[in-house]
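Colleague: I have a few questions about this structure before I go back to the bench. Could you walk me through it?

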Amino acid sequence: MQLIVDVGNSYIKVYVFENTEIIASYCYVPADFFGAVPQIFSTHSISCAIVSNVSNLQNVHQTIERYVPTLNFSHQTPIPLANNYGTPHTLGLDRIAAAVGAETLQPHCHKLIIDAGTAITIDYVSDCAAFEGGNISPGIETRFRALHECTGKLPKLSQTENFSLTGKNTNEAIQNGVIQGVLFEIQSYIQAYAEKFPSISVFFTGGDANFLGKNVNFFGKNIKNCIFANLIAIGLQRILEYNNQCANTTI
């Protein structure tokens, strides 16, 4: 079994893989994580681990490494994907992992990855297994918060299933503006990429993936594959496996 530890700014997500399947998952706030580690290892027969840490939390890698050999994922870690980003050292580790995850699930095809959380990242991986880049914009909750915090009178609202094209009051105008704005943005990206690569696969991942996926209008485009998956976990597991294979290769 393999342990995947994804340390974000707010939560630490932990996954246990057996072969290529997630058999257990946990989510902790940082204050609870270290105390939970012994229980994780007493519950599962883990042989190796990988830690991806995009936060300032210290000692996560060292804590896991007390139990099993642990790969500390960084920009220097070999990955089974070419990286054509202009500044690879600034590319978020979560975006790298998601790209590897998408390539693992759908190799040898064009891929558009929509990761919707605090930020929305829209990344493109070519059919030659190369990360070509992408764009970043504020996520749904971030847009609601910005409207409230950066203005004097607009209220703080949140995501809802009840939105329409035209708002009849200020609350509706905010909710429609944020949600429809995100949907139009994503729909336009999908449309543009589908016109360029008709057989492209579209991936949704992140906290708002299900909400966006079910509300996106594909404009009748022939999207052969629309996939919802935990790309970061899948990608980190593949990176761990890839590095273990490299370490075991005899020259």
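Modeller: Gladly, and please keep in mind that this is a predicted model. A place to begin is Ser126, which counts as buried because its relative accessibility is 6%, under the 20% cut-off.

Colleague: Where is Ser126 found, and what is it in contact with?

Modeller: Ser126 sits in the loop between β8 (119-125) and β9 (130-138). If its neighbours within four places in sequence are left aside, Ser126 is in contact with Glu103, Cys109, His110, Lys111 and Glu132.

Colleague: Cysteines catch my eye. How many disulfides does the structure hold?

Modeller: The structure holds 0 disulfides. For Cys128, the closest cysteine sulfur belongs to Cys109 and is 11 Å away, which is too far for a bond.

Colleague: And is Cys128 buried or exposed?

Modeller: Cys128 is exposed, with a relative accessible area of 64%.

Colleague: What about the backbone around there, which residue of the loop between β8 and β9 has a positive phi?

Modeller: That would be Ala129, whose place is in the loop between β8 and β9 and whose phi is positive, about 60°, although Ala129 is not a glycine. Most residues other than glycine have a negative phi. At 22% relative accessibility, Ala129 counts as partly exposed. His108 also has a positive phi, near 60°, and is likewise a residue other than glycine; His108 lies in the loop between α3 (93-105) and β7 (111-116), where it counts as exposed at 67% relative accessibility.

Colleague: Switching to helices, how do the axes of α4 and α5 cross?

Modeller: The axes of α4 (residues 140-149) and α5 (residues 170-196) come within 10 Å and cross at roughly 140°. That makes α4 oblique to α5, because an angle has to be over 145 degrees to count as roughly antiparallel. As for handedness, α4 passes α5 in a right-handed crossing.

Colleague: Which residues make that contact?

Modeller: On the α4 side the contact is made by Ile140, Arg143, Phe144 and Leu147, and on the α5 side by Ile174, Gln175, Val178, Ile179, Gly181, Val182 and Glu185. Sorted by class, the contact of α4 with α5 has 7 nonpolar, 2 polar and 2 charged residues.

Colleague: Which residues of α4 are buried, and what do they pack against?

Modeller: The buried residues of α4 are Ile140, Thr142, Arg143 and Phe144, and the buried residues of this helix pack against β8, β9, α5 and α6 (209-215).

Colleague: Glu141 isn't on that list, so what is its accessibility?

Modeller: Glu141, whose place is in helix α4, is partly exposed, with a relative accessible area of 34%. Leaving aside its neighbours within four places in sequence, Glu141 is in contact with Lys156 and Ser158. Glu141 and Arg66 are 75 residues apart in sequence, and their C-alpha atoms are 37 Å apart in space.

Colleague: One last spot, Ile227. Where does Ile227 lie, and is it buried or exposed?

Modeller: Ile227 lies in strand β11 (residues 225-228) and is buried, with a relative accessible area of 18%.

Colleague: And what is Ile227 in contact with?

Modeller: Setting aside its neighbours within four places in sequence, Ile227 is in contact with Gln106, Val202, Phe203 and Phe204. Of these partners, Val202 is 25 residues from Ile227 in sequence, and the two are 6.2 Å apart in space, C-alpha to C-alpha.

Note on methods:
Residues numbered from 1 in each chain as written. Predicted model: local features only at pLDDT ≥ 70, side-chain atom pairs only at ≥ 80, totals over all residues. Heavy atoms only, no water. Axes fitted to C-alpha atoms, helices over the stretch in contact; angles between N-to-C directions. Helix = DSSP H or I, 4+ residues; strand = E, 2+ residues; numbered from the N terminus. Parallel < 35°, antiparallel > 145°, perpendicular 65-115°, else oblique. Left-handed = near helix turned anticlockwise from the far one by under 90°. Contact = heavy atoms within 4.5 Å. Nonpolar A, V, L, I, M, F, W, Y, C, P; charged D, E, K, R; others polar. Disulfide = S-S within 2.5 Å. Buried < 20%, exposed > 50% of the residue type's maximum accessible area, 1.4 Å probe, protein only.
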